[in-house]
Amino acid sequence: MTNRISITYCTQCRWLLRAAWMAQELLTTFEQELSELTLIPGTGGIFEVHANDALIWSRKEQGRFPDITELKQLVRDQIAPEKDLGHSDRKKES
């Protein structure tokens with residue numbers, strides 16, 4: 001197992017708590033699949049999530065932060081496509 005996640009967050013914007021909470025959620029959900037999760041301080045409004053060096057979320061590109069369910073699905077698709085996320089996989093009803 002060599003799956004790595006990194007979350008780069010803006011220290012100027014005080015996004016450490018958001019990044020740490022998302023890291024905790026990912027570590028709990030993917031405890032068997034992850035070998036490393038790193039928080040990387042940055043500046044300039046950055047909030048990016050990489051899975052195995054592939055960019056899976058960029059606040060700059062998306063214009064918003066990810067919903068935690070959305071982020072878990074993106075991570076799953078990258079590192080463990082066969083994993084069932086239970087209630088996080090259910091589609092929202094219109």
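**Exercise 1. Which residues is N3 in contact with, leaving aside its neighbours within four places in sequence?**

Solution. The model is a predicted one.

Step 1. Locate the residue: N3 belongs to strand β1.

Step 2. Classify its accessibility. Buried means under 20% relative accessible area. N3 has 15% relative accessibility, so N3 counts as buried.

Step 3. List the contacts. With neighbours within four places in sequence left aside, N3 is in contact with E33, L34, S35, E36, N52 and I79.

Step 4. Follow one of these partners, N52. N52 is found in the loop between β3 and β4 (54-58). Its relative accessible area is 27%, which makes N52 partly exposed.

**Exercise 2. State the secondary structure pattern of the protein chain and test its radius of gyration against the globule rule.**

Solution.

Step 1. Count the elements: the protein chain has three helices and four strands.

Step 2. Put them in sequence order, which gives β-α-β-β-β-α-α.

Step 3. Compare the radii. For 94 residues the globule rule gives 12 Å, and the radius of gyration of the protein chain is 13 Å, close to that value; the chain is therefore as compact as a globular protein of that length.

Step 4. Add the box: along the principal axes, the C-alpha atoms fill roughly 40 × 35 × 20 Å.

Step 5. Add burial and contacts. Of the 94 residues in the protein chain, 40% are buried. Among contacts with a separation of 6 or more, 64% are between residues 24 or more positions apart.

Step 6. Add the surface: the protein chain exposes about 5900 Å², and carbon and sulfur atoms supply 45% of this area.

**Exercise 3. Check the span of helix α1 (residues 16-29), then determine how its buried residues are arranged around the axis.**

Solution.

Step 1. Work out the expected span. The rule multiplies 1.5 Å by one less than the number of residues. For the 14 residues of α1 the expected span is 20 Å, and the end C-alpha atoms are 20 Å apart, so the two agree.

Step 2. Collect the buried residues of α1: A19, M22, A23, L26 and T29.

Step 3. Look down the axis. The buried residues of α1 fall within an arc of 135°, and therefore they line one face of the helix.

Step 4. Turn to the face directed away from the buried side of α1, which carries the exposed residues L17 and T28.

Step 5. Identify the cover. The elements covering the buried residues of α1 include β1 (3-10), β2 (34-42), β3 (47-51) and α3 (68-79).

Step 6. Examine L16, which is also found in α1. Its relative accessibility is 42%, so L16 counts as partly exposed. Not counting residues up to four places away in sequence, L16 touches Y9 and L39. L16 and L39 are 23 residues apart in sequence, with a C-alpha to C-alpha distance of 8.5 Å.

**Exercise 4. Classify the aromatic pairs formed by F65 with W15 and with F47, and say which parts of the chain they join.**

Solution.

Step 1. Set the scope: a search of the whole structure finds three aromatic pairs. Two of the geometries are worked here.

Step 2. Recall the criterion: planes over 60 degrees apart count as edge-to-face.

Step 3. Apply it to W15 and F65. Their ring centres are 4.8 Å apart with 90° between the planes, and the pair is edge-to-face. W15 lies in the loop between β1 and α1, and F65 in the loop between α2 (59-62) and α3, so this pair ties together parts that are 50 residues apart in sequence. W15 and F65 are both buried.

Step 4. Apply it to F47 and F65. The centres are 5.0 Å apart and the planes stand at 80°, so this pair is edge-to-face. F47 is in strand β3 and F65 in the loop between α2 and α3, which links distant parts of the chain, 18 residues apart. F47 is buried, as is F65.

Step 5. Combine the pairs: W15, F47 and F65 are linked by ring pairs into a cluster.

Step 6. Bring in R59, which lies in helix α2. Leaving aside neighbours within four places in sequence, the contacts of R59 are W15, G45, F47, R64 and F65. R59 has a relative accessible area of 28%, so R59 is partly exposed.

Note on methods. Residues are numbered from 1 along each chain as its sequence is written. This is a predicted model: local features need pLDDT of at least 70, side-chain atom pairs count only at pLDDT 80 or more; totals for chains, interfaces and linings use all residues. Side-chain values use heavy atoms; hydrogens and water are left out. Helices (H or I, at least four residues) and strands (E, at least two) are DSSP runs, numbered from the N terminus. Buried means under 20% relative accessible area, exposed over 50%, partly exposed in between (1.4 Å probe, protein chains only). The arc is that of the directions from the helix axis to the C-beta atoms. Contact means heavy atoms within 4.5 Å. The radius of gyration is taken over C-alpha atoms; the globule rule is 2.2 Å times the number of residues to the power 0.38. Accessible areas come from the Shrake-Rupley method with a 1.4 Å probe; for residues, only the protein chains shown count as cover. Rings of Phe, Tyr and Trp (its six-membered ring) pair if their centres lie within 6.5 Å; planes under 30 degrees apart count as stacked, over 60 as edge-to-face and the rest as tilted.
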